[in-house]
Amino acid sequence: MIKIENVSKTYKNGTHALSNISLEIKDGEFVYIIGPTGSGKSTLIKLLNGEEVPNSGTVLVNDINVGKLRHSKVPVYRRNIGVVFQDYRLLPRKTVFENVAYAMEVVDAPRDTLRKRVREVLKLVDVADKSNVFPAELSGGQQQRVAIARAIANKPSILIADEPTGNLDPKKSDEIIRLLEKINQEEKTTILIVTHDIEIVRHHPKRTIAIDSGHITADLAGGGSI
Amino acid sequence: MFRRLGRHIKEGFLGVGRHFGMALSSSTAVAITLTLIGVFMVLTYNLVLTTNTIESSISLSALIDYDSEDQVNLQRIEGKIKEVNGVSSVTYHSKEDEFDFYVNSNTDPELQEFYEAYRDENPFRDAYIITISDGTMLQEVTRQVEAIPGVYQVYDGGANTYKLVDVLENIRLFGGILVVALAALAIYLVYNTIHITIDNRKDEIWIMRNVGAKNGYVRAPFLVEGIIIGLFGSIVPILIIGGLYYYLYNALQGTLFGTFALAAPFPFLYYLAAVLAGTGILVGFIGSYISVCKYLRIRR
């Protein structure tokens with residue numbers, strides 16, 4: 001469960017990223033956060049991920065006050081939040097299998113469990129046959145699938161995808177959203193997709209929160225009139 | 001715990017393999033600076049050995065009063081000299097020995113015959129030849145021996161000897177400073193090279209942090225990489241310096257200019273290898289540690 005209450009964030013350079021926003025996302029929900037560049041979407045992700053702290057208000061994720069987390073506790077907290085980025089951010093010198101396994105190694109998963117789960121998620125995202133290749137040998141869509149596999153390897157309760165289809169053509173974008181829907185249903189993971197691609201929202205209508213200039217301008221169940 | 005350690009070591013080796021170019025350039029930087037350090041260590045060590053040999057050959061002559069030449073007084077004086085701090089050996093020379101030495105030091109038989117005529121009126125004194133353990137104590141030993149009742153005079157070679165001791169001391173000090181300065185330079189050079197290596201991988205560090213790796217977990221493989229780079233960087237200098245020294249020692253038959261003895265290759269080269277490998281490992285470790293910490297500090 002994500003509960004954001006009266007959160008404001010202003011960066012040191014004076015940029016007002018978020019102004020007094022509040023929202024609640026229940027476990028197992030599939031939510032889009034849309035808005036133009038500079039609207040505050042990325043800041044919202046950074047607050048949820050523990051990368052930034054709010055100037056005021058509280059960010060509660062699974063009853064943890066993220067803004068008050070001690071520096072040393074942030075890595076452990078992140079293990080319950082999977083994040084997928086537009087530019088995939090895979091470790092270039094590790095194979096597909098190693099990239100996914102790395103997320104489980106850091107939590108000291110037993111070797112057998114690790115191997116089983118990595119194979120399972122690679123199969124789920126449909127890149128099981130690419131286990132031993134390096135990210136550079138994959139297409140953009142395949143790299144994003146690997147990034148998603150890595151993000152869900154530790155069975156996080158929340159998966160945040162920051163512009164996951166930003167570098168993909170419409171067909172591949174559609175496939176990625178279908179994959180995220182599948183994860184939402186099969187793994188019961190709360191999915192939060194940050195995007196400015198309205199077409200995706202139209203084709204896969206879900207609850208949509210619109211942000212502009214740091215304010216929530218709309219919160220539409222089932223995509224509403226978008 | 002051991003599984004994790006094994007994983008870090010494996011990751012470290014994989015890191016070196018997958019960033020071979022950068023690892024090679026870092027290792028080369030380590031090798032070059034360690035070669036310089038090694039050469040200066042060999043020179044300094046032999047210099048210290050030579051200066052110690054020169055210093056240990058410096059001796060004092062304590063001349064005895066004519067009225068203290070009886071057995072009881074001589075034993076007392078010898079005992080007192082041995083008690084002086086810094087004295088390493090005391091050898092008795094009778095006035096007859098001194099006379100013989102003086103006569104025999106002249107090669108002209110006529111002159112020797114001339115001196116022999118004075119044997120009964122021997123003007124020499126009984127003496128103790130004193131060697132000292134440390135050249136810097138020369139003045140102090142002289143002063144204390146001179147104060148012993150029955151000692152007529154102590155001959156220490158005068159100002160030239162003091163100057164020699166000073167020069168030897170400065171040579172040693174200079175050698176030591178040079179080795180320390182080179183070691184500092186090595187750390188700086190290696191830190192810079194490893195820093196560039198890790199700078200290229202800051203995204204990798206960010207990703208590691210983002211999937212929930214704790215700082216120690218991110219740092220460990222980089223430290224292993226640093227140690228491997230340092231260790232590999234020390235192998236070439238050890239082989240080059242060890243081989244060259246062994247060859248030169250044998251070619252020069254163990255002496256420099258036919259006078260100064262060089263340090264025997266073994267166990268000296270074993271110690272040198274251990275010091276160079278240890279320095280390489282330490283420098284690699286410190287270089288990696290500082291570089292990784294920089295990227296772990298920035299982000300929350």
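How many residues does the contact take from chain A, and how many from chain B? In this predicted model, chain A puts in 19 residues and chain B puts in 14 residues. On the side of chain A that touches chain B, the elements giving two or more residues are helix H2 (74–78) and helix H3 (96–105) of chain A. Of these, H2(A) gives the most, with 4 residues. Sorted by class, that side of chain A comes out at 9 nonpolar, 2 polar and 8 charged residues.

Chain A itself is built from 7 helices and 10 strands. It has 226 residues, and buried ones make up 43% of them. Taking contacts in chain A between residues at least 6 apart in sequence, 66% link residues at least 24 apart.

Turning to the cores, the largest nonpolar one holds 98 residues, and the residues with the most contacts inside it are Leu48(A), Val100(A), Ala149(A), Leu159(A) and Ile160(A). Its largest share, though, comes from chain B, where helix H9 (residues 215–251) supplies 10 residues. Another core, of 17 residues, lies apart from it and includes Tyr128(B), Val141(B), Val165(B) and Leu168(B). Back in the largest core, Ile160(A) is one of the residues with the most contacts. Setting aside residues up to four places away in sequence, Ile160(A) touches Ile45(A), Leu48(A), Asn49(A), Ile81(A), Val83(A) and Leu192(A).

Some of those partners sit in helix H1 (residues 41–49) of chain A, where Ile45(A), Leu48(A) and Asn49(A) are buried, along with Lys41(A), Thr43(A), Leu44(A) and Leu47(A). That makes 7 of the 9 residues of H1(A) buried, so the helix is largely enclosed by the rest of the structure. Right after H1(A) comes Gly50(A), with a positive phi near 80°.

H3(A) is mostly covered too, with 9 of its 10 residues buried. The buried set is Val96(A), Phe97(A), Asn99(A), Val100(A), Ala101(A), Tyr102(A), Ala103(A), Met104(A) and Glu105(A). What do these buried residues of H3(A) pack against? They pack against H4 and helix H5 (140–152) of chain A, together with H1 of chain B.

The pairing of H3(A) with helix H4 (residues 111–124) of chain A can be spelled out further. Their axes come within 10 Å and cross at roughly 125°, so H3(A) and H4(A) count as oblique to each other. The crossing of H3(A) and H4(A) is right-handed. From H3(A), the residues involved are Val96(A), Phe97(A), Val100(A), Ala101(A), Met104(A) and Glu105(A), and they meet Leu114(A), Arg117(A), Val118(A), Val121(A) and Leu122(A) in H4(A). By class, this contact has 9 nonpolar, no polar and 2 charged residues.

Chain B has a helix pair of its own to look at. Helix H1 (residues 2–18) of chain B packs on H9(B) at an angle of about 60°, with the axes 8 Å apart. H1(B) and H9(B) are therefore oblique to each other, and their crossing is right-handed. On the H1(B) side the contact runs through His8(B), Ile9(B), Glu11(B), Gly12(B), Phe13(B), Gly15(B) and Val16(B), which meet Ala220(B), Pro221(B), Val224(B), Glu225(B), Ile228(B) and Ile229(B) in H9(B). These residues divide into 8 nonpolar, 3 polar and 2 charged.

Elsewhere in chain B, Glu78(B) sits in helix H3 (residues 71–83). Is Glu78(B) buried, exposed or partly exposed? It has 17 other C-beta atoms within 10 Å, so Glu78(B) is partly exposed. Beyond its neighbours within four places in sequence, Glu78(B) is in contact with Val90(B), Tyr92(B) and Tyr128(B). The last of these, Tyr128(B), belongs to the 17-residue core. Glu78(B) and Thr91(B) are 13 residues apart along the chain, and their C-alpha atoms are separated by 8.8 Å.

A few backbone oddities round things off. Asp63(A) has a positive phi near 70° despite being a residue other than glycine; it is found in the loop between strand E4 (56–61) and strand E5 (64–65) of chain A. With 7 C-beta neighbours inside 10 Å, Asp63(A) counts as exposed. In chain B, Gln253(B), also not a glycine, has a positive phi near 55°. Gln253(B) lies in the loop between H9 and strand E5 (255–256) of chain B, and is exposed, with 8 other C-beta atoms within 10 Å. Finally, the peptide bond joining Phe266(B) and Pro267(B) is cis, with omega about 10°. Pro267(B) has its place in helix H10 (residues 265–298) of chain B.

Note on methods: Residues are numbered from 1 along each chain as its sequence is written. Chains are lettered from A and ligands numbered from 1 in the order in which they are written. This is a predicted model: local features need pLDDT of at least 70, side-chain atom pairs count only at pLDDT 80 or more; totals for chains, interfaces and linings use all residues. A nonpolar core is a set of buried Ala, Val, Leu, Ile, Met, Phe, Trp, Tyr and Cys residues joined through C-beta atoms within 7 Å. A residue is buried if 20 or more other C-beta atoms lie within 10 Å of its own, exposed if 12 or fewer, and partly exposed in between; C-beta atoms are placed from the backbone. Two residues are in contact if their C-beta atoms, placed from the backbone, lie within 7 Å. Ala, Val, Leu, Ile, Met, Phe, Trp, Tyr, Cys and Pro count as nonpolar, Asp, Glu, Lys and Arg as charged, and the others, Gly among them, as polar. Axes are lines fitted to C-alpha atoms, for helices over the stretch in contact, and angles run from 0 to 180 degrees between N-to-C directions. Angles under 35 degrees count as roughly parallel, over 145 as roughly antiparallel, 65 to 115 as roughly perpendicular and the rest as oblique. A crossing is left-handed if the near helix is turned anticlockwise from the far one by less than a right angle, and right-handed if clockwise.
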